[in-house]
Structures are given as C-alpha cells and as structure tokens.
Amino acid sequence: MTDSGALATTIADWLREATRRLAEAPAWQAPGDVDVSPRREAEWLLSAVLDKNLTWLLTWPERELSPVQRAQAETWLQRRCAGEPLAYLVGTRDFWSLPLRVTPATLVPRPDSERLVELALERLPVDGSVLDLGTGSGAIALALASERPLARVSALDRSAEALAVARGNGATLGLPVRWLESDWFAAVAGETFDLVVSNPPYIAEDDPHLPVLGHEPLTALVAGEAGLADLRHLVATAPLHLAAGGWLLLEHGFAQAAAVRALLVTRGFMQVQSWQDLGGQERVSGGQWFGASAPVRGDEEGRAC
Ligand SMILES: C[S@@+](CC[C@H](N)C(=O)[O-])C[C@H]1O[C@@H](n2cnc3c(N)ncnc32)[C@H](O)[C@@H]1O
C-alpha cells in the first residue's frame, strides 16, 4: 500500500505499510491495552482478516492477498486507525481463554480483569454463590462459571443490549449463569451471596483518556464524583447482599485504591486490602463482611456513605 492508498499485494508488504500507518495514528492505542505495538496490531488485524494464526502469517510473508482480502484489510485498518477496537471489528475477544462475542453495547473485556477473576476464585467456595455486577459481555461471570461448575453464578447489567450479548455468550459456551437486567442490586433484593464482584464504571467525566475510549459505551466507563459514584454505591449496598464472611471485590482505576479502601473500612468491612495487577498498579480492592460491627452512615440503598 502506498501513501495514495494503492493496495499492497503480499502479506509482508501489507504488514509493513499497515505498521507505518498505525504508528502515525495513535488513536487506536487505548489505555489498558497490553503488549501492543503498531507491528503487533497490524499482525493481529491481518490474521483476523485471513482467519489464520500469527505463525501462519509469519511463515508465508510472500503470499499475495486476494482483492477481497485487500479490501477487507483496508477497511478494517482505516477503522482501527480511527480508534475502533479490534474486538469490535472482528466481533470477538478472548477473556480467561474463553472466546466471547463483543459488540459496541459491551465493554471490551480487559486482561486486567483477569486479576479480579483470580482473586474471586481464591474466595469462592466450590459450591458457593457469586454475583457479578455490571457484567457487560459476561466475561467475569463466565470465567467464574467455567472454573466453578458447582457454584451458583448470577450476573446483572442495566443495559439490556449488553445482557443479550452476555446471555448469548453463556449459551454458546454452555455455561450456566443466571442473567438479570437490573440497576445494581435491584433485581436481587433479599438475596445474599458468598461473593460479590464488580468491574463498575470508574472513570471521571473529565479524564483525559476518555476520548481514546470513545467507541466503547460511556455508560460502561464513566461515573460521577470523580469516578467514585458507583464504587461508593456498591460498597454502601453490598453488605445487604453478602453472607456472613462473604467478600466484596471491586476493580477500579489505578489512582482509586486508597479511596476505595477508605470506603470499605468506613462501611465496616474487615480484611480490607488492595491487590496489584501485572503492571504493579493497585487495581482491585476488597473486604470481608461479618456484619454491621461498624456504624453505618447514610441511607443503605442510597448513595450517601
Ligand atoms: C466497566 S463495564 C464492565 C463490563 C464487564 N464486567 C467487564 O469487565 O468487561 C461496567 C458495566 O456496568 C454496567 N452498569 C453501569 N451502570 C450500571 C447500573 N446502575 N446497574 C447495573 N449495571 C450497570 C454497564 O452497562 C457495563 O456493562
């Protein structure tokens, strides 16, 4: 491919030119992406177009692309350079080695959230119950269901569109999850769980990273009160839905750990701590609930805490 848009013919040519164009278009590089480089991104993109793995791609650099393949690759490259996530172009993203369908109605599951899954598995009894709040594509709930076949896994989301995707993923993978359309805990009033997990919206409305994430649903990303509004609500309300000794685990932004720990301590959680992701950032915080030993402040179902 040339600057004027003429099309390359071989895999090697296409990768070289796509790498150059991606390097000049930083919009595609979203925060939270790991192991990304323009060259790697070009390889992923072309392997998705050709439906071949990376090894095949690198083994056959002189193979010519057909006109249909070139047209498809060019369309996807242009959309990728404009910042559209690769997962939306190809329609899938692997999470916890589960192939998940994703759409613009769902957040693209991040590898960071696999840390939340690991911590949840350490705390979920073999035949226990777990609730995933704001399930999106169903990533966290399905990962837990895949590892704990005897557990009762529930997952909810306020977005009917996201929930339809999650439900479809559960059906495709044959993993039993109870899917609920709900504004946070509304649909599970009166129920308790051994574990409650969530990767809620936590980005502040004025966060400079937000424009880069513009292809993903804002309702999945942004929360008021400097990104803490939903986290605050979940900490305040989760005790009504936790069995004695149950854990609440929350994913959050790298600069929010101290604030979330303070919320948990104030609410009366025990064993309050934060855990680092692979990049050494504190991205998950949680605590264990043994009852209202500490004074509760504010309306429990409200957002005051
Ligand atoms: C950051 S995304 C996480 C999606 C998924 N758990 C993941 O990790 O890929 C937050 C999710 O919370 C959902 N959400 C936002 N507000 C909600 C509310 N009030 N009640 C239930 N779900 C909500 C959004 O629709 C979105 O799917």
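This passage describes the sheet, the helices beside it and the ligand site of a predicted model. Residues are numbered from 1 along each chain as its sequence is written, and local features need pLDDT of at least 70, while side-chain atom pairs count only at pLDDT 80 or more and totals for chains, interfaces and linings use all residues. Side-chain values use heavy atoms, with hydrogens and water left out.

Seven strands (DSSP runs of E, at least two residues, numbered from the N terminus) form an open, mixed sheet in the order E5-E4-E3-E6-E7-E9-E8. Two strands count as paired if DSSP finds at least two bridges between them. Strand E5 (178–181) and strand E8 (270–276) are the edges, each pairing on one side only. Strand E7 (residues 242–251) pairs with strand E9 (residues 282–289) in the antiparallel sense over six bridges, and Leu248 stands opposite Gly287 in E9.

Helices are DSSP runs of H or I with at least four residues; contact means heavy atoms within 4.5 Å. Axes are lines fitted to C-alpha atoms, for helices over the stretch in contact, and angles run from 0 to 180 degrees between N-to-C directions. Helix H10 (residues 229–237) lies across E3, E6 and E7, at about 170° to E7. Helix H11 (residues 257–267) lies across E7, E8 and E9, at about 5° to E9.

The ligand is surrounded by 19 residues, each with a heavy atom within 4 Å. Polar contacts are pairs of N or O atoms within 3.5 Å. An N or O atom in the side chain of Asp183 lies 2.8 Å from a nitrogen atom of the ligand.

Methods
Polar contact = N/O pair within 3.5 Å; in protein donor to acceptor, adjacent residues only side chain to side chain.
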